[in-house]
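Welcome! Here is a short tour of strand pairing and aromatic contacts for you to follow on screen.

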Amino acid sequence: MNNTISFADILYGRIELPGWLVNLARCPELVRLRHVRLSNVDSFEFKDLSGATRWEHALATAWLAMVTVAEMKIPEVSKTELIIAALCHDVATPPFAHTLEYIIDSYDHERESEFVIRAIMGDYTSYMKDVFYGNTYTLHKTISKVSNLLGMKLDLYTISSHITGDSDLGHIIHGEIDIDNADNVTRASLYMGYSVDRNVPIQLAKLLSHGYVSPSSSNDPAVESWLIYKKFMYSSFYEAGLDEQGRVAFLHYIIRKGIKLGVGFDRLIWSTDAGLLDLLHSLGDVELCRLVTHYRMLRSPTHLWSIPFYEIKEARSLEHPNASVWIESQLSVAKAHIMVLYTTNRIVDESDMDLLGKPISSLHIFAVANKSSRLVKIDIMRKIDMPFSDVDAPEVQNLLRTRIDRWALTTPWLQHDPVSIKSVPQELDNVSDWSFRNIRNESIHAYPSTFVKAIPSNLIRYLKLKGQLILDPFGGTGQTAMEAAVHGSQCISVDSNHIATMIAKTMLSFIPEASLDKVYNLDMDDYTLSMQRYPPKFDKQEKWYHEKTLRQLASIWGFIENWDDESTILFLKSTFSSLLTDCTDRRGRQHGYFADNTPLEKGKARPDYVDALSLYRKRIQRNTGIIRRFYSRINKQNRNVERTLSDIKVLNMNSELISSDSLNIEPGSVGAVITSPPYLCMSDYSLGLRLSYYWLFPEKMDEDFGVEIGPRRYRGRVDDPTIKYLAGIDRVLTACSNIIKNGGYIAFVLGYSTAKRFNDVDVLGYIENRAQALGLEWVWAKERTIQFQRNKSRSSKEDIIVWKK
Ligand SMILES: C[S@@+](CC[C@H](N)C(=O)[O-])C[C@H]1O[C@@H](n2cnc3c(N)ncnc32)[C@H](O)[C@@H]1O
């Protein structure tokens, strides 16, 4: 098992892989990838690309990981984990690569890969008895065997978090440029007939050993070449002939038909390309059998029309996977299968496209019919009440555009889901474990009671909120808004706390790569010497900070004030703020501690010195990593980060005052509210962050404390704080109910107070009654166990409740 095996590779000539790695590549889950092609369709025009498989790409990516780690000074075990992650990064990729992910919006192959590696029963793995021709899955067991063989303790969690990009080395497999897309893009370009340099991915693999590689800031020739390949590849797909586009539409169409006939998602996903077509053929539907045979025989549907789009707003709503299905159903006529394909031009920046007058996207309409295409066109025009005698005249295209424009603006496909065979509650129930015990948030700043990102992420996914406007009235550090950005939704995140909004704004205002680079390499000593400044005066200052620490903090503060660009200042301020508790003698304490307690232990006269400068430098580097990993999650969805973040607003205000006017939005434009309100007297958001307020917003602390709903500090009040708390929550719930559109959802994540005084207060019952009184329809609820993110000792359960307007 410890020998080396040599493989011939079309791109690199020969690649040598260790025997233990090849044993992993022989696990049924990975062998399946030999029968899943690299490209999304059985391509006609790109005929050779159709032969490339995910398995060859998996081996090549593992080999590139070996190139990367050879350049790194990290422990052997970390190197091995990274190589395994590279081999397994696509393990849960469904047949025809990303095709199924376009159709089943809720499927995420990276998350599923995590479940497979860690042998957790996930949403789609739960029925996974047979992963490849009667073989059950063995990957996790084989990884344990490799652990024993190599005499190292390989950690499955670390391996899977490299794949999802959540680890410190995550950028190597899951960055804007990573070994996965270094190989994928170069390999696909080669198979598409482009003359590529095989050294480019190798060079990129080496570059990645030094840290994050960004396409926008690197002048490295390998990055430049890779960008050219990528541009070539995407523009070839976008500009491919109609035969090719038609085959993509055709494949989507037959898969959707199979789903409508009730074939389970798990069977679709854990199949191969040929197996998926067999499965569709075996469903016993005569028409579908006929279509599958046509598809197999390399036929393309007949092209009817292509409609270009120039506006970003239409383009965004047509991106929703249900839009194509809905349009197909509106255009469907007798004796014909109407298939549409919506494609976006991914490569040019959207602002350039407007300037160049090039379409942002196109909708191609095709048919497989038992009659002439002219007759099909006439029938379609009649069906949508636009009878027109000359169906091939250019005006027809304009008429169709007007109709589709109208649909794009009213998004009727959001009301009902034509693809899913499951209802919203079934989908939500299907998330196997709402405790998300393995998922951790990465945060640039500690903040009380943030919720784990998987909660908004799953709600956005299963409430089908892609492309819609989401509101979080208790937005805190912006977890909902960040997930909205990743999923392609718009979001308004509101919070009354100035520190929370500063953190959320830092994450959600675009920081150009060059600025991140600049702060990452900052030499604080040079600057700070010349930036002396007095610290602000506040109570017990000398007990919180050692005098030298205080001087250092003051000079960092002065330095930040002299910085020149807005988004970086925000980043520097948030990072500075995140340091303020760590620089005291009480570092590592809970927020409640800082809200209530004295700076020093009994008997201690002055705090110890903490080197604020070096802490700041380290924190800046850590935080740039967090921001880059967040950007790469957006980028992985093929979205432009700057433009995506321009769809997100972070507002500092009292949520009780929320209305369409105060948020400056069209009435009825909010698709859903996803939020976690404060619990009754459990956290002190402003007081717990008082050191940050003293430095950054001294005049705002009392004001923010006054607005805060249910602060912990009110526990001991003589008059019952419950009434005030419930009234506050009620006002926000009412405002949310008024602002969302009909059919929109409200999701609250709410827990109980563990303070004895409030044992009998039924907050949930009260809110349920209020929701009912507001006419909201109860949809789903779940009690979840709280893991890492919240303080376990104080509150370990909370409820997620979803209503519909
Ligand atoms: C449970 S936390 C939300 C945390 C958030 N989900 C996150 O992950 O960061 C509750 C938030 O409600 C905010 N809050 C309390 N009263 C408020 C009010 N009247 N208006 C706006 N925000 C308020 C607090 O500042 C706190 O950030």
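Which residue of S8 stands opposite Ile-492? The partner of Ile-492 is Lys-649 in S8. Keep in mind that this model is predicted.

Let us stay with the strands for a moment. Strand S7 spans residues 490-495 and is mostly covered, with five of its six residues buried. On one side of the pairing list, S7 runs parallel to strand S8 (residues 648-652), joined by five bridges. S7 also runs parallel to strand S6 (residues 469-472), and here four bridges make the link. Within that second pairing, Asp-472 stands opposite Ser-493 of S7. The connection between S6 and S7 passes through helix H23 (residues 479-487), and the three elements make a right-handed β-α-β unit.

Now for the rings. The whole structure holds 24 aromatic pairs. One of them joins Trp-326 and Trp-407, whose planes meet at 80°, so the pair is edge-to-face. Trp-326 belongs to helix H17 (residues 321-331) and Trp-407 to helix H20 (residues 394-410), so the contact ties together parts 81 residues apart in sequence. Both Trp-326 and Trp-407 are buried. Phe-630 and Tyr-631 form a tilted pair, and these two residues are buried as well.

| Aromatic pair | Centre to centre | Angle between planes |
|---|---|---|
| Trp-326 and Trp-407 | 5.2 Å | 80° |
| Phe-630 and Tyr-631 | 6.1 Å | 50° |

One aromatic cluster includes Phe-538, Tyr-545 and Trp-557. Charged side chains meet rings too: Arg-247 lies over the face of Tyr-295, 4.1 Å from the ring centre, while Lys-548 lies over the face of Tyr-609 at 4.6 Å.

Technical notes:
Residues numbered from 1 in each chain as written. Predicted model: local features only at pLDDT ≥ 70, side-chain atom pairs only at ≥ 80, totals over all residues. Heavy atoms only, no water. Buried < 20%, exposed > 50% of the residue type's maximum accessible area, 1.4 Å probe, protein only. Helix = DSSP H or I, 4+ residues; strand = E, 2+ residues; numbered from the N terminus. Pairing = 2+ DSSP bridges. Right-handed = clockwise from strand over helix to strand, strands pointing away. Phe/Tyr/Trp six-rings, centres within 6.5 Å; stacked < 30°, edge-to-face > 60°. Lys NZ or Arg CZ within 6 Å of the ring centre and 35° of its normal.
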